[in-house]
Amino acid sequence: MKQPDRCSTGIKALNEMLLGGLPRGRTILVEGLPGTGKTILSLHFLIAGILENPKDPEPAILVCLDESPSDVMKEASAFGWNLQRLMDLKQLVIIDAFSGRLGLKPSLELAVPIGKFSIEEVLRLISESMQVINAQRLVIDPITALLDGMEGTERRKGVLQLAAVLTRLSLTTILTSELDQAGVGVERYASHGVIRLGYDEKNKTVGRRLRIVKMRETMHSMDVIPYEITIRGIELKA
Ligand SMILES: Nc1ncnc2c1ncn2[C@@H]1O[C@H](COP(=O)(O)OP(=O)(O)O)[C@@H](O)[C@H]1O
Ligand SMILES: [Mg+2]
């Protein structure tokens with residue numbers, strides 16, 4: 001059942017660790033090295049909002065910054081998630097903030113045009129999409145690409161500007177963050193919660209590990225939980 005103050009992540013064991021899910025209307029950072037499953041976790045979250053409550057769905061916006069929307073749609077289809085269908089139903093909007101940055105012609109209607117990339121432009125597209133589908137959930141994947149080239153005070157200002165807008169829009173948001181890039185600290189402080197995905201290379205095989213680093217308003221475990229990525233997506237071994 002839908003809880004008024006929590007948003008299902010789509011991953012049952014993670015919801016249990018979070019007293020039902022992510023705090024509604026807040027911004028959560030999902031950080032990790034490349035390939036740890038940040039995009040897949042984000043897709044679980046977006047899809048859960050739509051499909052777990054068919055009578056009262058929570059429409060969602062996905063901003064793609066480091067992968068083309070078509071690549072993300074292809075990755076999703078491997079887990080049985082048909083993003084195109086959700087877009088056709090006006091439950092999901094994907095914003096192409098990838099192509100224009102590379103000087104490529106964007107593939108989607110909602111896109112950052114070539115040469116127009118800025119935080120303001122991305123925020124403008126988010127606000128526009130919100131009005132179209134009455135969005136309640138948002139993923140920016142990854143926030144590190146949105147802050148590319150910004151350092152020190154400018155970066156801090158960028159993050160705070162973003163956080164202020166997201167709070168005003170009262171969307172439940174996942175920002176993903178590539179851990180191997182410098183300057184991740186500011187995003188962490190501006191977020192209501194942080195979930196870290198990582199590798200454990202102690203043995204001959206490399207394992208995957210999840211940890212809730214912080215989650216305000218939530219009495220959560222500090223355990224390091226192993227997980228796998230299977231055809232069903234992320235599966236915690238809690
Ligand atoms: N269809 C699949 N089945 C099993 N594992 C997959 C599948 N697709 C991707 N993966 C795993 O997920 C990883 C990519 O996850 P992703 O969420 O894109 O990572 P990130 O966004 O953190 O870079 C791949 O490196 C691979 O290990
Ligand atoms: Mg990714």
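**Overall fold and the surroundings of β3 and α2**

With 238 residues, the chain would be expected to have a radius of gyration near 18 Å if it formed a compact globule, and the value of 17 Å agrees with this. The structure discussed here is a predicted model. Taken along the principal axes, its C-alpha atoms fill a box of roughly 45 × 45 × 35 Å. Eight helices and eleven strands make up the secondary structure of the chain, and 42% of the 238 residues are buried. Among contacts between residues at least 6 apart in sequence, 64% link residues at least 24 apart.

A good place to look inside the fold is strand β3 (residues 27-32), where six of the six residues are buried. In a regular strand, side chains alternate between the two faces of the sheet. Both faces of β3 are covered, with Thr27, Leu29 and Glu31 buried on one side and Ile28, Val30 and Gly32 buried on the other. The strand has parallel neighbours: six bridges join β3 to β7 (residues 172-178), and five bridges pair β3 with β8 (residues 193-200), again in the parallel sense. Leucine 29 helps to locate both pairings, as this residue stands opposite leucine 175 in β7 and opposite valine 194 in β8.

Helix α2 (residues 38-51) offers a simple check on geometry: at 1.5 Å a residue, its 14 residues should span 20 Å, and the end C-alpha atoms are indeed 20 Å apart. This helix is also mostly covered, with eleven of its 14 residues buried. Among them are Lys38 and Thr39, as well as the run from Leu41 through Ser42, Leu43, His44, Phe45, Leu46, Ile47 and Ala48 to Gly49.

Methods:
Residues numbered from 1 in each chain as written. Chains lettered and ligands numbered in written order. Predicted model: local features only at pLDDT ≥ 70, side-chain atom pairs only at ≥ 80, totals over all residues. Helix = DSSP H or I, 4+ residues; strand = E, 2+ residues; numbered from the N terminus. Expected span 1.5 Å × (residues − 1). Buried ≥ 20, exposed ≤ 12 C-beta atoms within 10 Å, placed from the backbone. Pairing = 2+ DSSP bridges. Rg over C-alpha atoms; globule rule 2.2 N^0.38 Å. Contact = placed C-beta atoms within 7 Å.
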